[in-house]
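Please walk through this model from its pockets outward to the chain as a whole, keeping the structure in view as you read.

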Amino acid sequence: MEKSSFFNSVNGDRKYKAEEFARYFSSFIGNGIFPNPSTNCQVLSNNDMTVRILAGKAWINGYYYENTGDMNHVLEPADSVLDRIDRVILRWDKLERRIYSYVKVGEYSSSPKPEALQRNVDAYELCLADV
């Protein structure tokens with residue numbers, strides 16, 4: 001079947017869904033953080049139990065994300081004996097219809113490993129930093 005897009009509507013005969021635009025953009029824009037400036041979505045320590053994500057832009061599966069200002073995330077308290085690796089994530093969530101950042105908390109272990117990234121039809125995660 002042939003398909004073409006995006007033509008102006010005449011009397012409402014052309015209606016396009018967000019998925020069609022995302023499919024179009026994903027054909028030439030890959031998943032990731034915009035490279036310019038180099039600080040886009042950079043994760044920095046606040047020297048306490050928080051991290052700061054700097055302003056920046058990203059694309060996931062053809063969908064656009066923008067953080068317009070610095071944003072803080074609180075880290076959960078550490079264990080007194082075991083270590084863990086948390087991940088600062090950008091998550092494309094199809095069910096919630098949005099992209100958002102959050103901290104994916106790791107498991108306590110004497111040999112910690114970061115949690116796997118979810119990448120399926122419902123969600124796609126990009127790791128910004130391991131903490």
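**Pockets and overall form**

In this predicted model, helix H1 is the element that gives the most to the lining of the largest pocket, contributing 5 residues. Strand E7 (87–93) and strand E8 (98–104), like helix H1 (18–26), each supply at least two residues of that lining. The lining of the largest pocket comprises 14 residues, and those nearest the centre of the pocket are Glu-19, Ala-22, Tyr-63, Trp-92 and Lys-94. Sorted by class, this lining holds 6 nonpolar, 2 polar and 6 charged residues, and the space in the largest pocket comes to about 310 Å³.

The second largest pocket has a volume of about 160 Å³, and the residues lining it include Met-49, Leu-75, Tyr-108 and Val-131, together with Asp-83, Arg-84, Ile-85 and Asp-86. Its lining is made up of 7 nonpolar and 5 charged residues, with no polar ones.

Turning to the chain that carries these pockets, its secondary structure amounts to 1 helix and 9 strands, and from the N terminus the order of elements is α-β-β-β-β-β-β-β-β-β. The radius of gyration of the protein chain is 19 Å, well over the 14 Å that the globule rule gives for 131 residues, so the chain is more spread out than a compact globule. The C-alpha trace spans about 65 × 30 × 20 Å along its principal axes.

Of the 131 residues in the protein chain, 31% are buried, while the chain exposes about 8900 Å², 50% of which is supplied by carbon and sulfur atoms. Among contacts between residues at least 6 apart in sequence, 54% join residues at least 24 apart.

Conventions: Residues are numbered from 1 along each chain as its sequence is written. This is a predicted model: local features need pLDDT of at least 70, side-chain atom pairs count only at pLDDT 80 or more; totals for chains, interfaces and linings use all residues. Side-chain values use heavy atoms; hydrogens and water are left out. On a 1 Å grid over the protein atoms alone, a cavity is a set of points where a 1.4 Å probe fits but cannot get out, and a pocket is an open set with protein on both sides within 12 Å along at least five of seven lines; lining residues have an atom within 4 Å of a point. Grid points are joined across faces, edges and corners, and a volume is the space filled by probe spheres set on the points. Helices (H or I, at least four residues) and strands (E, at least two) are DSSP runs, numbered from the N terminus. Ala, Val, Leu, Ile, Met, Phe, Trp, Tyr, Cys and Pro count as nonpolar, Asp, Glu, Lys and Arg as charged, and the others, Gly among them, as polar. The radius of gyration is taken over C-alpha atoms; the globule rule is 2.2 Å times the number of residues to the power 0.38. Buried means under 20% relative accessible area, exposed over 50%, partly exposed in between (1.4 Å probe, protein chains only). Contact means heavy atoms within 4.5 Å. Accessible areas come from the Shrake-Rupley method with a 1.4 Å probe; for residues, only the protein chains shown count as cover.
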